[in-house]
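Visitor: Could you take me on a close look at the sheet here, and at what packs against it? I would enjoy one connected tour.

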Amino acid sequence: MRNDGVDMPSDETISVAIVDDNRLLRDGLSAMLNKLPDMRVVASLPGHSPSLAAARPHVLLLDVGLLEHESLRLAGALRGEMPETRIIVMDLMPVHEEIVDFVNAGVWGFVLKDATFDEFVATIRSVAAGEKVLPPRMTESLFSQIANEAAGRRGADDEEPALDDVRMTRREREVIELIGEGLSNKEIAQRLNIAAHTVKSHVRNVMEKLALHTRLQIAAYSRR
């Protein structure tokens, strides 16, 4: 395998690029995909590089957890640089607002990092064939959140649970306050001296405990 992506596959194969800052995952996934007769990994990188455009992959697997929240920015940039490449986002379970953001950035599909290899392959093949893919668990989550939001709008005048009535950790309360101040996950991580993915986990916990679905709702709740 060439990591710089200069060797191009034949027209019968699906060329794949992988952008993930976990080298072990990249190497393992590359080795497995390259064993398939219809796939060829043409680039395997920890982040953006001019070699991505040179490789011209049909499909690009993009890790949502890149440092400094680069994934969404990169997805939007690659859409302009490589309009023919179809991007698949890899994540454990993105929240509703992240899915919407990535779809707006031009992403074609999502695959969960705990998916089986067969599910990875099926997603790549489907996206390469022009289909947009959302895993069943994420589809169910979206429908559930849409239904909850609709119910929330119907009951907007109902009394909301007080923050003191909800079992929150000290860190979760700090995250709520900082979201209320308008800080991003990256800024919250810097302020609290914790990892960005830890902030993301706290945000998800807060949403679940307060039955909220977006950062804007958390911010509004904090101000109330």
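**The sheet and its helices**

Guide: Happily! In this predicted model, 5 strands make up an open sheet, running in the order S2-S1-S3-S4-S5 with parallel pairing. At the edges sit strand S2 (39-45) and strand S5 (109-112), each of which pairs on one side only. From one strand to the next, the twist averages 25°.

Let's look at the S5 end. Strand S4 (residues 86-91) pairs with S5 in the parallel sense, over 4 bridges. If you would like a residue to click on, try Ile 88, whose bridge partner in S5 is Gly 109.

Now for the helices. Helix H1 (residues 23-34) packs on the sheet and touches strand S1 (14-19), S2, strand S3 (59-63) and S4. The direction of H1 makes about 165° with that of S2. Helix H5 (residues 117-128) also packs on the sheet, with contacts to S1, S2, S3, S4 and S5; the direction of H5 makes about 155° with that of S4.

Before we finish, do pause at Arg 26, which lies in helix H1. Arg 26 is buried, yet it has no salt bridge. The nearest side chain of opposite charge belongs to Asp 27, 5.1 Å away, while a salt bridge calls for a nitrogen-to-carboxyl-oxygen distance within 4 Å. Leaving aside residues up to four places away in sequence, Arg 26 touches Ile 18, Asp 20, Asp 21, Ser 44, Leu 45 and Pro 46.

Definitions and conventions:
Residues are numbered from 1 along each chain as its sequence is written. This is a predicted model: local features need pLDDT of at least 70, side-chain atom pairs count only at pLDDT 80 or more; totals for chains, interfaces and linings use all residues. Side-chain values use heavy atoms; hydrogens and water are left out. Two strands pair if DSSP finds at least two bridges between them. Helices (H or I, at least four residues) and strands (E, at least two) are DSSP runs, numbered from the N terminus. Axes are lines fitted to C-alpha atoms, for helices over the stretch in contact, and angles run from 0 to 180 degrees between N-to-C directions. Contact means heavy atoms within 4.5 Å. Buried means under 20% relative accessible area, exposed over 50%, partly exposed in between (1.4 Å probe, protein chains only). Lys and Arg count as positive and Asp and Glu as negative; His and the chain ends are not counted.
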